[in-house]
Amino acid sequence: MIIEITIDGKVIKVNDGVTVLDAARQAGIDIPTLCYCEKIEPCVSCFVCVVKIKGQEKFIPACATKVQNGMIVINNSEEVRDCRRKALALLLSEHVALPNGLKCKCASKTKCRLKACAEEYGADHTRYTIGQRREETRKIYDSGLVHEPGKCITCGKCVTITKENGIKPGLSFKGRGSNVCISAPFEIPFDKAMGEALQLCVDSCPTGALWITPKYKNDKSESAHE
Ligand code: SF4
Ligand code: FES
């Protein structure tokens with residue numbers, strides 16, 4: 001069934017059952033996302049995609065909220081933008097400490113969605129300091145996979161991707177609070193634990209926490225993200 005909703009004053013006809021994010025994308029309206037991946041069920045962990053529905057008090061995640069006929073979505077108000085800014089500031093506080101402000105040294109050579117969103121929304125990495133991660137040593141695996149734990153925002157995409165694709169053993173979370181991180185059982189190398197889903201995990205990671213270095217075979221000591 002086709003229904004009608006409004007986003008930022010634009011009337012959109014969509015199939016009943018799609019999400020607010022789907023509807024916005026169909027209409028060419030940008031809603032930022034970090035933990036969303038269309039190939040898996042929504043992780044709903046970053047809250048960067050929040051919007052407001054007219055008549056409701058709470059902010060809701062666009063990636064996990066189904067449209068309803070007549071719904072009026074507010075996506076671009078200062079209130080919504082400020083909520084996203086706070087969500088991004090929280091994520092930045094979990095990201096490894098950046099002594100040079102937002103000039104994370106890896107970002108210029110990678111597709112860091114976190115940095116792009118933080119810049120777009122003017123999110124301040126110093127707003128929240130509790131839980132800031134230590135700079136942990138990156139691990140480089142035989143396949144060229146690089147894992148940088150300090151850059152992980154524990155969005156959950158890679159964990160869910162391995163789980164929903166039936167990858168054994170796959171990745172999981174370990175630890176609590178600001179110490180939570182992704183892990184593989186029995187210290188199995190991450191690239192082995194991700195199996196056939198390795199490339200999808202790398203492509204989906206919204207930060208520089210997972211990437212593949214093509215130069216690895218020539219020089220194991222290279223530092224590709226400088
Ligand atoms: S490694 Fe990347 S995809 Fe996996 S949880 Fe961390 S930020 Fe998300
Ligand atoms: S993209 Fe919707 S909660 Fe992260």
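**A chat about helix H4, ligand 1 and a five-stranded sheet**

Visitor: What do the buried residues of H4 pack against?
Guide: Bear in mind that this is a predicted model. Two strands and two helices take the contacts from the buried residues of H4. They are strand S9 (181-183), helix H5 (190-194), helix H6 (198-204) and strand S10 (210-212).

Visitor: And which residues of helix H4 are the buried ones?
Guide: Helix H4 covers residues 157-164. A residue counts as buried here if 20 or more other C-beta atoms lie within 10 Å of its own. In H4 that picks out Lys-157, Cys-158, Thr-160, Ile-161 and Thr-162.

Visitor: What follows H4, and what is its phi?
Guide: Just after H4 comes Gly-166. Its phi is positive, near 65°.

Visitor: Which residues are closest to ligand 1?
Guide: Ligand 1 has 14 residues around it. That shell splits into nine nonpolar, four polar and one charged. Cys-158 turns up again here, having already been listed among the buried residues of helix H4. The closest to the ligand are Cys-152, Cys-155, Cys-158, Cys-205 and Ala-209.

Visitor: Over to the sheet: in what order do its five strands run?
Guide: The sheet is open, with mixed pairing. S2 and strand S4 (59-61) are the edges, each pairing on one side only. Neighbouring strands are turned by 40° against each other on average, ignoring direction. Read across, the order is S2-S1-S5-S3-S4.

Visitor: How many bridges join S1 to S2, and are the strands parallel or antiparallel?
Guide: S1 is residues 2-7 and S2 is residues 10-15. Opposite each other stand Ile-5 and Ile-12, and likewise Glu-4 and Lys-13. The count is six bridges, and the strands run antiparallel.

Visitor: Which residue in the turn between S1 and S2 has a positive phi?
Guide: S1 and S2 make a hairpin, with two residues between them. The one with positive phi, about 50°, is Asp-8.

Visitor: What is the bridge partner of Ile-7 in S5?
Guide: S1 also pairs with strand S5 (residues 72-74), running parallel to it through two bridges. There, Ile-7 is partnered by Val-73.

Visitor: At what angle does helix H2 run to S3?
Guide: H2 spans residues 78-94 and lies across S3 (50-53), S4 and S5. Against S3, the helix runs at about 150°.

Key. Residues are numbered from 1 along each chain as its sequence is written. Chains are lettered from A and ligands numbered from 1 in the order in which they are written. This is a predicted model: local features need pLDDT of at least 70, side-chain atom pairs count only at pLDDT 80 or more; totals for chains, interfaces and linings use all residues. A residue is near a molecule or strand if its C-beta atom, placed from the backbone, lies within 6 Å of it. Ala, Val, Leu, Ile, Met, Phe, Trp, Tyr, Cys and Pro count as nonpolar, Asp, Glu, Lys and Arg as charged, and the others, Gly among them, as polar. A residue is buried if 20 or more other C-beta atoms lie within 10 Å of its own, exposed if 12 or fewer, and partly exposed in between; C-beta atoms are placed from the backbone. Helices (H or I, at least four residues) and strands (E, at least two) are DSSP runs, numbered from the N terminus. Two residues are in contact if their C-beta atoms, placed from the backbone, lie within 7 Å. Two strands pair if DSSP finds at least two bridges between them. Axes are lines fitted to C-alpha atoms, for helices over the stretch in contact, and angles run from 0 to 180 degrees between N-to-C directions.
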